[in-house]
Amino acid sequence: MDPPFEEKYKSLLTNGTLLSKDKDDAAREWGFFQVVNHGIPQEILERIQLEQRKLFHHPFSKKAEENILNLSENNGYRWGNHTATCLRQISWSEAFHMPLTDISKIGGDNKSLRESIEAYAATAEKLAKEMTEILAENLDVSSTYFQENCLPETNYLRMNRYPPCPFYSEVFGILPHTDSCFVNVLIQDQIGGLQLWVNGEWISVKPHPEALLINLGDLFQALSNDVYKSIRHRVLASKQVERLSLAYLYCPRNDAVIESGMKPSIYRKFTFEELMKQNSRDIEETGCKLGISRFLM
């Protein structure tokens with residue numbers, strides 16, 4: 001019989017944590033930690049990265065104008081920042097952002113992509129669920145909260161590509177931001193460029209060839225009453241090489257209520273749908289999202 005997840009990953013989450021010596025320290029102070037022995041076969045990781053690279057190397061016109069993946073949400077393809085008014089507000093990157101409910105629609109020439117996503121999503125969802133349940137043990141959260149609110153079909157997959165940039169010192173690969181999910185399971189290549197805002201300075205994250213990067217999102221910070229942190233991060237643009245990453249965003253149902261059981265609560269209760277609608281309004285009006293600060297008491 002396999003050992004329980006917490007026992008199996010005890011050394012991984014302590015000695016194996018690269019950004020902090022303890023998983024709680026990492027979650028409280030950094031909001032990020034890298035894990036090895038994560039249980040996702042290397043074959044699955046390599047296959048989805050290969051399919052991701054093939055997808056992005058389609059001509060721009062085909063990605064931007066044709067629904068090549070048959071996705072329901074604006075084709076799923078995104079690039080740049082349409083609200084930018086200067087170079088410093090541009091994200092020098094492109095992405096396919098897809099709800100997992102749409103994965104079954106991917107077919108035709110992209111059948112192998114669909115199969116690689118399905119294989120990866122099944123393993124990443126298990127990892128994300130078990131990580132959140134462990135971290136939430138001391139937060140007065142119902143033991144069934146994540147099981148009831150975070151379903152395989154409520155999660156998202158985001159494939160990112162950061163092309164070489166001729167004016168790399170003047171733009172970002174992606175602008176500073178926090179993630180709106182509970183947890184993000186991130187595959188990144190060995191190029192580097194990811195930075196975290198910690199203690200008033202930007203800290204570069206050195207990629208680890210055998211690790212996945214886990215970061216906590218806004219929902220976890222609100223649910224934990226600020227015990228755990230959703231840290232601002234950014235990606236620098238590169239002059240000569242492309243960078244690829246893939247995010248598995250562990251999200252709840254739209255009607256899921258986010259409310260800390262710890263008192264006094266810093267945030268008023270809100271639903272995931274309310275947060276996402278507020279983020280959209282903020283981006284439209286200001287060019288960036290303000291996240292859970294909109295729901296402070």
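This is a short walk through the strands, aromatic contacts and enclosed spaces of one predicted model.

Let me start with the strands. Take strand 11, residues 243–250. How many of its residues are buried? Eight of the eight. So strand 11 is largely enclosed by the rest of the structure. Look at the two sides. Arg243, Ser245, Ala247 and Leu249 point one way from strand 11. Leu244, Leu246, Tyr248 and Tyr250 point the other way. All of them are buried, on either side. That follows a general pattern: in a regular strand, side chains alternate between the two faces of the sheet. Note that Arg243, too, is in the buried set.

Now the neighbours of strand 11. One is strand 4, residues 156–162. Strands 4 and 11 pair antiparallel, over seven bridges. Two positions to click on. Met159 stands opposite Leu246 in strand 11. Arg158 stands opposite Ala247 in strand 11. Strand 6, residues 183–188, is another neighbour. It is joined to strand 11 by six bridges, and again the two run antiparallel. Here, Val183 has Tyr250 of strand 11 as its bridge partner.

Back to strand 4. Buried or exposed? Mostly covered: six of its seven residues are buried. Strand 4 also pairs with strand 3, residues 94–99. Six bridges join the two, and they run antiparallel. As an example, Pro99 stands opposite Tyr156 in strand 4. So follow the order: strand 3 pairs with strand 4, strand 4 with strand 11, and strand 11 with strand 6.

Next, the aromatics. How many aromatic pairs does the structure hold? Fourteen, written 14 on my slide. Start with Phe220 and Tyr228, a tilted pair. The centres are 5.6 Å apart, with 55 degrees between the planes. Both rings belong to covered residues. Phe220 counts as buried because its relative accessibility is 0%. Tyr228 is buried as well, with a relative accessible area of 2%.

Second pair: Phe270 and Phe295. This one is stacked. Centre to centre it is 4.4 Å, with 25 degrees between the planes. Where do the two residues sit? Phe270 lies in strand 13, residues 270–271, and Phe295 in the segment after helix 9, 272–286. So the pair ties together parts that are 25 residues apart in sequence. Again, both are buried. Phe270 is at 1% relative accessibility. Phe295 is at 3% relative accessible area.

There is also a cluster. Phe56, Phe60, Tyr77, Trp79 and Phe96 form one aromatic cluster. And one charge over a ring: Arg88 lies over the face of Phe172, at 4.2 Å from the ring centre.

On to empty space. Rolling a probe the size of a water molecule over the atoms shows where such space is left. The structure holds one cavity of 30 Å³ or more. The volume of the largest cavity is about 30 Å³. Which residues line it? Ala222, Ile258, Glu259, Ser260, Ser265, Tyr267, Arg268, Lys269 and Phe270. You have met Phe270 already, in the stacked pair with Phe295. By type, the cavity lining has four nonpolar, two polar and three charged residues.

Now an open site, the second largest pocket. Its volume is about 170 Å³. Several stretches of the chain meet in its lining. From one end of the list come Gln42, Leu45 and Gln49. Then Ile187, Gln188, Asp189 and Gln190. Then His208, Pro209, Glu210, Ala211 and Leu212. Which elements supply at least two residues each? Helix 4, residues 42–56, and strand 6. Helix 4 gives the most, with three residues. Strand 6 is the one that pairs with strand 11. The pocket lining divides into five nonpolar, five polar and two charged residues.

One last stop, Asn138. It lies in the loop between helix 6, 111–135, and helix 7, 145–149. Buried or exposed? Asn138 counts as exposed, because its relative accessibility is 65% and the cut-off for exposed is over 50%. Now look across to Met262. Asn138 and Met262 are 124 residues apart in sequence. In space, C-alpha to C-alpha, the two are 9.9 Å apart.

That is the tour. Questions, please.

Note on methods. Residues numbered from 1 in each chain as written. Predicted model: local features only at pLDDT ≥ 70, side-chain atom pairs only at ≥ 80, totals over all residues. Heavy atoms only, no water. Phe/Tyr/Trp six-rings, centres within 6.5 Å; stacked < 30°, edge-to-face > 60°. Buried < 20%, exposed > 50% of the residue type's maximum accessible area, 1.4 Å probe, protein only. Helix = DSSP H or I, 4+ residues; strand = E, 2+ residues; numbered from the N terminus. Lys NZ or Arg CZ within 6 Å of the ring centre and 35° of its normal. 1 Å grid on protein atoms, 1.4 Å probe; cavity = no way out; pocket = protein on both sides within 12 Å on 5 of 7 lines; lining within 4 Å. Points joined across faces, edges and corners; volume = space filled by probe spheres on them. Nonpolar A, V, L, I, M, F, W, Y, C, P; charged D, E, K, R; others polar. Pairing = 2+ DSSP bridges.
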